[in-house]
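Ready for some practice in reading a protein structure? Work through each exercise with the structure open beside you, and try each task before you look at its solution.

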Protein chains: 6
Amino acid sequence: MRIRVVNPNTTASMTRTIGAAAAAVAGPGTVVEAVNPTMGPASIESHYEEALAVPGLLEQIAIGERDGVDAYVVACFGDPGLDAAREVAGGPVIGIAEAGFHAAAMLGRRFGVVTTLARTTGRAHELAERYGFASLVTEIRACEVPVLRLEDPTSGARELVVEECRAVLAGGADAVVLGCAGMADFCAEVSREIGAPVVDGVAAATVLAESLVRLGLTTGRRGEYAAPPAKPMSGLLAGFERLPSAAVTVGAGA
Amino acid sequence: MRIRVVNPNTTASMTRTIGAAAAAVAGPGTVVEAVNPTMGPASIESHYEEALAVPGLLEQIAIGERDGVDAYVVACFGDPGLDAAREVAGGPVIGIAEAGFHAAAMLGRRFGVVTTLARTTGRAHELAERYGFASLVTEIRACEVPVLRLEDPTSGARELVVEECRAVLAGGADAVVLGCAGMADFCAEVSREIGAPVVDGVAAATVLAESLVRLGLTTGRRGEYAAPPAKPMSGLLAGFERLPSAAVTVGAGA
Amino acid sequence: MRIRVVNPNTTASMTRTIGAAAAAVAGPGTVVEAVNPTMGPASIESHYEEALAVPGLLEQIAIGERDGVDAYVVACFGDPGLDAAREVAGGPVIGIAEAGFHAAAMLGRRFGVVTTLARTTGRAHELAERYGFASLVTEIRACEVPVLRLEDPTSGARELVVEECRAVLAGGADAVVLGCAGMADFCAEVSREIGAPVVDGVAAATVLAESLVRLGLTTGRRGEYAAPPAKPMSGLLAGFERLPSAAVTVGAGA
Amino acid sequence: MRIRVVNPNTTASMTRTIGAAAAAVAGPGTVVEAVNPTMGPASIESHYEEALAVPGLLEQIAIGERDGVDAYVVACFGDPGLDAAREVAGGPVIGIAEAGFHAAAMLGRRFGVVTTLARTTGRAHELAERYGFASLVTEIRACEVPVLRLEDPTSGARELVVEECRAVLAGGADAVVLGCAGMADFCAEVSREIGAPVVDGVAAATVLAESLVRLGLTTGRRGEYAAPPAKPMSGLLAGFERLPSAAVTVGAGA
Amino acid sequence: MRIRVVNPNTTASMTRTIGAAAAAVAGPGTVVEAVNPTMGPASIESHYEEALAVPGLLEQIAIGERDGVDAYVVACFGDPGLDAAREVAGGPVIGIAEAGFHAAAMLGRRFGVVTTLARTTGRAHELAERYGFASLVTEIRACEVPVLRLEDPTSGARELVVEECRAVLAGGADAVVLGCAGMADFCAEVSREIGAPVVDGVAAATVLAESLVRLGLTTGRRGEYAAPPAKPMSGLLAGFERLPSAAVTVGAGA
Amino acid sequence: MRIRVVNPNTTASMTRTIGAAAAAVAGPGTVVEAVNPTMGPASIESHYEEALAVPGLLEQIAIGERDGVDAYVVACFGDPGLDAAREVAGGPVIGIAEAGFHAAAMLGRRFGVVTTLARTTGRAHELAERYGFASLVTEIRACEVPVLRLEDPTSGARELVVEECRAVLAGGADAVVLGCAGMADFCAEVSREIGAPVVDGVAAATVLAESLVRLGLTTGRRGEYAAPPAKPMSGLLAGFERLPSAAVTVGAGA
């Protein structure tokens, strides 16, 4: 089984961290490949950046389809382009916010989230509502460390995340979801420190994607998620009109 | 006052129809300009196309900022890129689904929606939930006429829309929202035929955008909708990193 | 276009403040007339007073219908008698809580409210729920200044409102709605002080009422909001039975 | 114990039916008195009529306070003036929609409602939402018999109600609430015919009012439902300003 | 009328306290009998204990059916086994959380709950949601006194409950529900101390059970709550297969 | 890794079917063991039977703890005893309704359910609400085949399930969940016939339980799901008081 984990930003070091987190939990016989687009933003911390990350993500899905990938993980906590990716991927596609919420929901009655910047919490609440988890989320807190500083050991990110996780537990949550793919590498350590289950969305999405493949399940195709109709694309994005037919030649990533 | 109505697809004839609908309701002294991007899909009927329409839309917002536009209308019923546009536009930005729902909500207790293809109704329900109107929407029906066939008099679109509107009224709605910018030109006629208020989102968004400008109001900037942080953009979208600073030179539309 | 703004209490000085706020935002060519009933309470700060303000409000609607008014604003934050007014008015009727919520909803993801007395916040929550905005309202705070003391410069009302607005922003709101018609005259000043959008319901309702008239829209008449059946009225309210047929002779206001 | 059942319309024959239904279920030692105002509409089938029924209802509460009444029932399915009545009554006040919903909620998982005119179903849904029962209500159906024709044996009202009740059961409800005080006298018969529990709101409100008195409970007075502030009332309603202090002399009912 | 109040734990002293609270509010002519099972846990403070209390509770219902009981109260705030009891009892069955919520809902707009251990608040929230009261509950607080220590005058339970009730009122509730049958005996005293209505679920359930009997109402039998199908039971619970047919001989309680 | 699948009824043939479905999807190296209690009902089709199945289920969890099991599946669509099992199991516990809902939620926007008897749909709706999926469930339909007749090839169960699944798809669902462990063996065949994803809860729960173990996650223990306090148990259930300490000797299953 081949699982492709797509980091929708263009920062390769973050892609490596994400790939390691995914590979660490994949079952025997599963190949995990972490990739990122060559077009789009270096990190995603606004609606603007999220929107501009989606074409590159969709290009990676097209490449994956050409390569015979079985399932995809979208490794940014805003789950950018998830619906669009589901329309064009043959196998299941899982977002890491989606996966983190699903896993946490099975660990007790309610859970909280600790993410990077407060400006992203609106989107996280919107996703929780969309997936059905609004009533299970106690709160969504921010440690106010930007995505690309999470990897910097001088940022104090891990300590700040531990602190916010403790506040989440004090508010009555049974578990905590970490709200950024860049937090994947200190998830286990945070869990030990706070003495409660902590969910990394990248790892969760990887095993859930494997699970669906194992169950023989993929996105339903009879309505909203049918393949998009063939249609002209213009200008910079002209190359994308061939995407649904599986081969793609746009951009440096192809 | 200058209101720019952005049709996020690349079909110029549809932009003209939309511009006429907006101009017909604008107040004295308001200049309405209808534009469309030169990059992206010819029409929007899937999540995939919606995602690929957003960069072109954001480019138009950047051009509008350079031109001193006071407010924007996003003229596609999926309200694509609305949050991103709000981050980078100085004035208010209104989506036509958003506007149609707001107007209809003031005409009674509940309203229904008649849109083009059934595959788009999931997104419409999601928007109704996001804006707070889920409990006011009786149902969202589709006439199954593709967007670009709405203008074709042989498509029977108007008759099909009338029929679906009547079904919506029979279900207890006080008003009907038409769920596509391409239906703007037969809104009044449909209303007369069914004997109930029918809302065209393009017209509604135009007067609501004017209203907010008149009230001196625009998007709050202290949290989620602050200007995005400066950040490198790569590949095909490299030109977009300058967007927040208001001038843009990418693509044929610039 | 004639917009009639009905202050449902009997305090003429407050009617003048309200009228000025409405006139300040009305478009060119729109005539704004502010009126108040001669029957009912001097101000509205309880369910009891709200209920007793409604007959006088309905009398003003009847007078408006005789006068050929195009649309009405109900200028009390409890939106008293709104459903009843919609049954008997030919044109649209907008409440100021309703209008404030609609305007604020288009300025970001969520908004808060600052009102007069805590005892009125239950009604404000009920209205938010009714109009669909319950999930968008972060909180409703009270400055504990009675309605008729708002105009008194020694009440410190403006400062108290600023303080509560700041608390609302700290709680994550993108915008603030002022929850009393009597706050209309210091709305702009409060907005400048807190650096975030602040919505006055009177102004918002005025431009929304104009918007609906411009769109050719009014309350749907096929169900709940059809004209009430002709029916005997007894006692003090005997004069009201002729109201639906547009002429009214009861009370000192006629 | 004295329970006063207030029919908020002015039709004395309906007051007698209501009084009989209440008396039939009251416990030993409880005195049930059915009254109606002398001001206001002959029946209530619109928001307009409901609003105009409230002053007369509040006058009856004032009279009841003077008479030492222990608890009140508001016997119209729109529960008009309930919040206002709670502010001025010393003892508990129960609406018949409220009571019908509470009783039905204890008879299974979900219940439906059969009422008079379809135009009143919006209000019934609003009340279900307000009291918390929205998720328990399967549907609200109308038999389209006007209130004052319910008593007419040639109206076929009972047969129509049976038919609508059967439709409610087919939709998965465990019980049915009859949505009009005027249906009180055929409740038991309908229940026998359909073989399922049928709740008359008048009877339910009577025993619930008794229950609260027996428990020593009444409306909480520390916030929203504190006695209204003393305040001038003008015009036709001038007499109402003394209501909170318990004696009232306005109108023919005093 | 015979009301049987079933304390689902095996602690006889608590059964006596519960019986006294129920008898104190029952109407003239109503016989209240308080019983407890002989199988199961000494008190209920976890899901595990709640689950193991249910067989004993159902045995008591079977005994009650044999004895001709008219209605039942389940006197534990988790309302254990309520749905199962409704399937096998001929008359109505009321849980004390259910009853407390219903009574409190009629005393204002919103109410709070004060219970024993924080670990039980998840279940209380779940019940509030199930019965429809989630939007009416302001908060559920715990005094952290175990059930069986409530009776111990050295536990300081009453003082701790008063303190938590005051916090509930400060949060905007109009009334408070006490969340444990073991708090029944100091309910009135707590209410006097805090100056607001305080509801004891045992008393509330007793008068509500009487009310339903007086109305001639019981659980609807046409769907979910029909008598369970006849079916073999094995092992320790073999005796329970005869329960639906009304006579039971298992255990020491029979 | 050892996953124990507990069929909470006592029918061994059904346990074998369930075990086969679980084993078919388990990953390499995972041992799946299907067991059932020796006490309790032969099948579960009512609240009464569900309640009486829980002690036997908890006994199986105790046995599993003694045996060093890593995770548990509760293989009945009512998810009986799930909260109690989570308190006493060291590893994660997944219900098959829970698992089916989670899996289906990742295959599109909304899903429907096809179950056995209509009388069980209330419980299924309650679980959907509890887990957060109420807004994602389009409908829950019943084929009206009793649990133990599903295995009988003359029952026509598979054909009836196909028919109900088609109705679910026509209602707009993207996927279907089969609502009974006894339907596990024809899940794949039904999916092929209807051309849409069909989820068997047993298989889904098995891979989700594996997933959580792989992620190193189990139930949070700091609040509601801490181990139950030590406490006396009486009568038939006396043996259960030792359960939390991991060894159990009651009943034939021990």
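**Exercise 1. A strand pair across two chains**

Task: In E3(B), which residue is the bridge partner of Met233(A)?

Solution: Start at Met233(A) and step across to E3(B), where Pro41(B) is its bridge partner. Keep in mind that you are looking at a predicted model. Next, widen the view to the strands: strand E10 of chain A covers residues 233–234 and pairs with E3(B) over two bridges. The sense of this pairing is antiparallel.

**Exercise 2. How chain B meets chain A**

Task: How many residues of chain B are in contact with chain A, and what area is buried between the two chains?

Solution: Begin with the contacts: 45 residues of chain B touch 45 residues of chain A. Then turn to the area. The size of an interface is often given as the accessible area lost when the parts come together. Between chain B and chain A, about 3,800 Å² is buried, with 63% coming from carbon and sulfur atoms. Finally, look for the main contributors on chain B: Tyr48(B), Arg119(B) and Leu236(B) supply 21% of the area that chain B buries against chain A, more than any other three residues.

**Exercise 3. Charges and polar pairs between the chains**

Task: How many salt bridges are counted between chain B and chain A, and which element of chain B gives the most residues to the side that touches chain A?

Solution: The count between these two chains is eight salt bridges. For a salt bridge to look at, find Glu126(B) and Arg130(A), whose side chains meet with N and O 3.4 Å apart. That passes the test, because the cut-off for a salt bridge is 4 Å. Polar contacts come next: 28 residue pairs make them across the interface of chain B and chain A. Now see where the touching residues of chain B sit. Elements that supply at least two each include strand E3 (40–41), helix H3 (82–88) and helix H5 (121–131) of chain B. H2(B) gives the most, with eight residues. Sorted by class, this side of chain B has 24 nonpolar, 10 polar and 11 charged residues.

**Exercise 4. Two domains within chain A**

Task: Where do the two domains of chain A lie in the sequence, and how many residues of each are in contact with the other?

Solution: First, mark the bounds. Domain 1 is made of 2–95 and 205–223, and domain 2 is 97–200. The centres of the two domains, taken over C-alpha atoms, are 20 Å apart. At their meeting place, 25 residues of domain 1 contact 27 residues of domain 2. Together the domains of chain A bury about 2,000 Å², of which 59% is on carbon and sulfur atoms. On the domain 1 side, Met14(A), Glu45(A) and Phe77(A) supply 38% of the area buried against domain 2, more than any other three residues.

**Exercise 5. Polar links between the domains**

Task: How many salt bridges are counted between domain 1 and domain 2 of chain A?

Solution: The count is three salt bridges. You can also look at Arg123(A) and Glu50(A), which form a salt bridge with their closest N and O atoms 3.3 Å apart. Add to this 13 residue pairs in polar contact between the domains.

**Exercise 6. Chains that do not touch**

Task: How far apart are the closest C-alpha atoms of chain B and chain E?

Solution: They lie 15 Å apart, and no contact joins these two chains. Chain C and chain F do not touch either, with their nearest C-alpha atoms 15 Å apart.

Definitions and conventions. Residues are numbered from 1 along each chain as its sequence is written. Chains are lettered from A and ligands numbered from 1 in the order in which they are written. This is a predicted model: local features need pLDDT of at least 70, side-chain atom pairs count only at pLDDT 80 or more; totals for chains, interfaces and linings use all residues. Side-chain values use heavy atoms; hydrogens and water are left out. Contact means heavy atoms within 4.5 Å. Buried area is the accessible area (1.4 Å probe) that two parts lose on being put together, summed over both. A polar contact is a pair of N or O atoms within 3.5 Å; within protein, one must be able to donate a hydrogen and the other to accept it, and residues adjacent in sequence count only if both atoms are side-chain atoms. Helices (H or I, at least four residues) and strands (E, at least two) are DSSP runs, numbered from the N terminus. Ala, Val, Leu, Ile, Met, Phe, Trp, Tyr, Cys and Pro count as nonpolar, Asp, Glu, Lys and Arg as charged, and the others, Gly among them, as polar. Two strands pair if DSSP finds at least two bridges between them. Domain bounds come from an automatic or database domain assignment.
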